[in-house]
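The following exercises are to be worked with the sequence and the three-dimensional structure at hand. Each task is followed by a solution in steps.

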Amino acid sequence: MIDAQVRAVLEELEAWGERNDRSEADRSRKMLNLERETAELIRALVVPRKARRILEIGTSNGYSAIWLAASISEEGRVISIDRNAGKTAMARANLDRAGLSERVELITGDATELVTKLDGPFDLIFFDADRFSAPEQLAVLLPKLSQEVLLLADNVLSHPAEIAGYLAALATLSDFERTVVPVGKGLSVAYRLAD
Ligand SMILES: C[S@@+](CC[C@H](N)C(=O)[O-])C[C@H]1O[C@@H](n2cnc3c(N)ncnc32)[C@H](O)[C@@H]1O
């Protein structure tokens, strides 16, 4: 079970994010957090996999990073990237309040550039930033994936044109199985099993 401290932070972020995004006209100041039901599905996928090394592209204020960090063991690690330093600072504060900052490394910068510098292997990648860059990021990350790996991407139903390139790139990977789950804004789920 997610502990009470984490649950309280998540519930507070959901209420605050909804109010903020409704009143904030500047898109860069919106939090654009995952819908709760998508986060719950991601948790259901992550917990039984026992993923140890997770990469998240698109941290915002840390809502989904908290879900990911709360779904892995103490030895597991999440690396999360966002180009907006203000949001990274908010994420750091929120992870601290949830008691999960030890499990999460936050990096500020352009994800397409940063992923070239990261060492794998990753057991799970969650793409939740600008959808256009995801195919290029995926190409760089392919050699850095564990054999058994899960690739998730949000916004398939809400931004079909923007995410089409990513889905087309996934379709070329013959060793992956894939589906789109119509939850929240639409979650792409692709996975490769052990040999
Ligand atoms: C949809 S929000 C992420 C929401 C977050 N995953 C959550 O559920 O709480 C997208 C974030 O990606 C960041 N972003 C967009 N394009 C990026 C890029 N090329 N490199 C790094 N961050 C990027 C934005 O600053 C924004 O905070």
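**Exercise 1. The sheet and its central strands**

Which residue in S4 is the bridge partner of Leu-55? Having found it, place S4 within the sheet and decide whether this strand is enclosed or open to the surroundings.

*Solution.* The model is a predicted one.

Step 1. The bridge partner of Leu-55 in S4 is Ile-125. The two strands involved, S1 and S4, pair in the parallel sense over 4 bridges.

Step 2. On S1, Ile-54 has Val-78 of S2 as its bridge partner. S1 and S2 are likewise parallel, with 5 bridges.

Step 3. From S4 one proceeds to S5, where Leu-152 stands opposite Phe-126. The pairing of S4 and S5 is parallel over 5 bridges.

Step 4. The complete order of the open sheet is S3-S2-S1-S4-S5-S7-S6, which comprises 7 strands with mixed pairing. The edges are formed by strand S3 (104–108) and strand S6 (177–181); each has a single partner strand, so one side of each is left without a neighbour in the sheet. Neighbouring strands of the sheet are turned by 15° against each other on average, direction ignored.

Step 5. A residue counts as buried when 20 or more other C-beta atoms lie within 10 Å of its own. In S4, 6 of the 6 residues are buried, so the strand is largely enclosed by the rest of the structure.

Step 6. Helix H6 (residues 134–141) lies across S1, S4 and S5, and runs at about 170° to S4.

**Exercise 2. The hairpin at S6**

In which sense do S6 and S7 pair, parallel or antiparallel? Identify also the residue with a positive phi in their hairpin.

*Solution.*

Step 1. S6 and strand S7 (residues 187–192) are antiparallel and share 5 bridges. Within this pair, Val-181 is the bridge partner of Leu-187 in S7.

Step 2. The hairpin has 5 residues between the strands, and Gly-184 takes a positive phi near 55° there.

**Exercise 3. Uncommon backbone geometry**

Locate two residues other than glycine with a positive phi, and one cis peptide bond. Are the two residues buried or exposed?

*Solution.*

Step 1. The background is that most residues other than glycine have a negative phi, and most peptide bonds are trans.

Step 2. Lys-50 has a phi near 55° and lies in the loop between helix H2 (36–49) and strand S1 (53–57). Ser-60, with a phi of about 50°, is in the loop between S1 and H3.

Step 3. The neighbour counts set these two residues apart. Lys-50 has 11 other C-beta atoms within 10 Å and is therefore exposed. Ser-60 has 25 such neighbours and therefore counts as buried.

Step 4. The peptide bond from Gly-120 to Pro-121 is cis, with omega near -5°. Pro-121 belongs to the loop between H5 and strand S4 (122–127).

**Exercise 4. Helix packing and the nonpolar core**

How do H1 and H4 pack, and which residues meet? Relate this contact to the surroundings of Ile-66.

*Solution.*

Step 1. H1 and helix H4 (residues 85–98) pack at an angle of about 145°, and their axes are 8 Å apart.

Step 2. Gln-5, Val-6, Val-9 and Leu-13 of H1 meet Asn-94, Arg-97 and Ala-98 of H4. By class, the residues of this contact are 4 nonpolar, 2 polar and 1 charged.

Step 3. Ile-66 is in contact with residues including Val-6, Val-9, Asn-94 and Ala-98, its neighbours within four places in sequence being left aside. Val-6 and Val-9 belong to the H1 side of the helix contact, while Asn-94 and Ala-98 belong to the H4 side.

Step 4. Ile-66 is also among the residues with the most contacts inside the largest nonpolar core, which has 50 residues; Leu-68, Ala-69, Leu-124 and Phe-127 are the others named.

**Exercise 5. The ligand shell**

How many residues surround the ligand, and which elements each supply at least two of them?

*Solution.*

Step 1. The ligand is surrounded by 19 residues, the closest being Gly-58, Tyr-63, Ser-64, Ala-111 and Ala-129.

Step 2. Helix H3 (63–69), strand S2 (77–82) and helix H5 (111–114) each supply at least two residues of the shell.

Step 3. The shell divides into 6 nonpolar, 7 polar and 6 charged residues.

Notes: Residues numbered from 1 in each chain as written. Predicted model: local features only at pLDDT ≥ 70, side-chain atom pairs only at ≥ 80, totals over all residues. Near = placed C-beta within 6 Å. Nonpolar A, V, L, I, M, F, W, Y, C, P; charged D, E, K, R; others polar. Buried ≥ 20, exposed ≤ 12 C-beta atoms within 10 Å, placed from the backbone. Pairing = 2+ DSSP bridges. Axes fitted to C-alpha atoms, helices over the stretch in contact; angles between N-to-C directions. Contact = placed C-beta atoms within 7 Å. Core = buried A, V, L, I, M, F, W, Y, C linked by C-beta atoms within 7 Å.
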